[in-house]
Amino acid sequence: MGVAQQWLNLPNPHALAAIIDASATRKIVASQDIVDDRGTKLWARDQPVSQSLQQRLLERKLKQPLEACLRAEDGVTTYQLCEALGEFLDSGHVLANAVGQWATPLRNEVQRLPLHAAAQLLLTAVHATRPTVYEHAIRGMALAGAMQASVGGERYDLRLALLGGLLHDLGLMYVHPQYVDHAGLLDAQDFRHVATHPRVGELLLASLTDYPPTLARAVGEHHERLDGSGYPLRRSGDAISPLGRLLCVAEATLGLAALPTAPLARASLALRMVPGEFDGVWTGFVSAAARNAAEQLRSNDAGDTEDLLVQLAMMNTEMAMALEQAQALAEQAHGSRVVHDVAARAAVALERLRAGWNSIGLWSAPKSDGNLDSRYEIGMAATELRYRMRGVQRECLWTHDELSPQDAERLAPLWACLAGQAA
């Protein structure tokens, strides 16, 4: 039995809790006898799921994965997906408007999507217990489908894109809700819990469904980056599949589309920030959508130009100091292997980030004549840059176990520079 199969045969407590909670409003039953790895029957076929099942499954390894042993008899259907898609398209949200011109092919193909029983079960649990994750899935389906529809191709490709957008975050069902619902930037330790979810989703689809391997692979890649800065496997370039590249851009755009002000403009800027990070075909889709949206800016959404340029200059200095710190730590002969690795990764990340921002001329931004669009763009740039700088620490640390006190002390000045707290 493979490692993935062994993992799947041990019920995940968070996914199990969601399924049990969903069973309060949805009819979820055993599609076959649920048997543990010793042959003991724990639950009979056709018996509805209840809290008793949860107690029996705790710390029990099963003969078959739980997801393969259950079915949602009144689960999410393609009709409901079409209904949710229609509600989104009619919502007036700027993202809905951006994909609206492809509404007809999206509606036509969504109603024909194949919903495998395991995927339907998990979607049903998401719909019943995590409505924000379900809404994200519907928006992902619409956006990924529109992106694919914009370049033509076969109906098969469109359906794969729709499924990829719909199912890309199924792995979040296996993460404690406190990390999924966390507001703000998770630290490296907490991020480890979340960073596995693309791989979990890939394993679920590959092991439990008959969907094409290309779909499972793309789901596993939706947080990767072409320059190798993504997660969980740090794939880069041609190692990321075409559908995976599409989902990378869709996911990044969805994250910013939840912002209250000019979400498409922010997404367009973030996607173009570091050349080579995302596929240009799909970043072009978002940039075109941002131009067409012509989002209204308000004067109180943009700061004073002089103040914004001062902020950028300060961050420029902080980044230079951090890069110097990282390079010095990476080159020290007496440092620990962990410090060398973390510092080297930080140096690469900072060089990549600085090169990207240099390419769009932020450090030499001219003094504005007070134009609102100019001020707003500089403000968005400052916000995105600060977010990226703070994310470097997490990007470099999450793959390591807890640092020793000595290693943490040696890296502290580097993180202080990135947080704008250098002495």
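Which elements each supply at least two residues of the lining of the second largest pocket? Here are a few points on that and on related spots, bearing in mind that this is a predicted model.

1. **The second largest pocket.** The elements in question are α11 (188–195), α19 and α20, each of which gives at least two residues to the lining of this pocket. Helix α19 has the largest share, with five residues. The volume of the second largest pocket comes to about 410 Å³. Its lining has 18 residues, and Asp187, Ala188, Gln189, Gln393 and Leu397 are the closest to the centre. By class, ten residues of this lining are nonpolar, two are polar and six are charged.

2. **His400, between α19 and α20.** The loop that joins α19 (372–397) to α20 (405–418) holds His400. This residue is buried, because its relative accessible area of 10% falls under the 20% cut-off. Beyond its neighbours within four places in sequence, His400 is in contact with Arg192, Val338, Asp341 and Val342. For Asp341 there is also a polar contact, side chain to side chain, at 2.6 Å. As for Arg192, it is 208 residues away from His400 along the chain, yet the two C-alpha atoms are separated by 9.3 Å.

3. **Trp102 with Phe285.** Searching the whole structure gives four aromatic pairs. One of them is formed by Trp102 and Phe285: the ring centres are 5.5 Å apart, the planes make an angle of 40°, and the pair is tilted. Trp102 sits in the loop between α5 (94–99) and α6 (103–110), while Phe285 belongs to helix α16 (residues 280–293), so this pair ties together parts that are 183 residues apart in sequence. Trp102 counts as buried at 16% relative accessibility, and Phe285 is buried too, with a relative accessible area of 11%.

4. **Tyr231 with Trp398.** Here the planes of the two rings stand at 75° with centres 6.3 Å apart, so the pair is edge-to-face. It links distant parts of the chain, 167 residues apart: Tyr231 is in the loop between α13 (213–220) and α14 (242–257), and Trp398 is in the loop between α19 and α20. Tyr231 is buried, with 12% relative accessible area; Trp398 is buried as well, with 11%. If you are browsing the rings, look at Phe191 too, since ring pairs link Phe191, Tyr231 and Trp398 into a cluster.

5. **The enclosed spaces.** How many cavities of 30 Å³ or more does a search of the whole structure find? There are five, and the largest cavity holds about 50 Å³ of space. Its lining is made up of Leu123, Val126, Val133, His136, Ala137, Leu166, Asp169 and Leu170. Two elements, α7 (117–129) and α8 (131–149), give two or more residues to this lining, with α8 giving the most, three residues. Sorted by class, the lining of the largest cavity has six nonpolar residues, one polar and one charged.

6. **Where to look when you open the model.** The loop between α19 and α20 is a good place to begin: His400 is found there, and so is Trp398. From this loop you can move on to the second largest pocket, to whose lining α19 and α20 each supply at least two residues. After that, try the largest cavity, where α8 gives the most to the lining.

Technical notes:
Residues are numbered from 1 along each chain as its sequence is written. This is a predicted model: local features need pLDDT of at least 70, side-chain atom pairs count only at pLDDT 80 or more; totals for chains, interfaces and linings use all residues. Side-chain values use heavy atoms; hydrogens and water are left out. On a 1 Å grid over the protein atoms alone, a cavity is a set of points where a 1.4 Å probe fits but cannot get out, and a pocket is an open set with protein on both sides within 12 Å along at least five of seven lines; lining residues have an atom within 4 Å of a point. Grid points are joined across faces, edges and corners, and a volume is the space filled by probe spheres set on the points. Helices (H or I, at least four residues) and strands (E, at least two) are DSSP runs, numbered from the N terminus. Ala, Val, Leu, Ile, Met, Phe, Trp, Tyr, Cys and Pro count as nonpolar, Asp, Glu, Lys and Arg as charged, and the others, Gly among them, as polar. Buried means under 20% relative accessible area, exposed over 50%, partly exposed in between (1.4 Å probe, protein chains only). Contact means heavy atoms within 4.5 Å. A polar contact is a pair of N or O atoms within 3.5 Å; within protein, one must be able to donate a hydrogen and the other to accept it, and residues adjacent in sequence count only if both atoms are side-chain atoms. Rings of Phe, Tyr and Trp (its six-membered ring) pair if their centres lie within 6.5 Å; planes under 30 degrees apart count as stacked, over 60 as edge-to-face and the rest as tilted.
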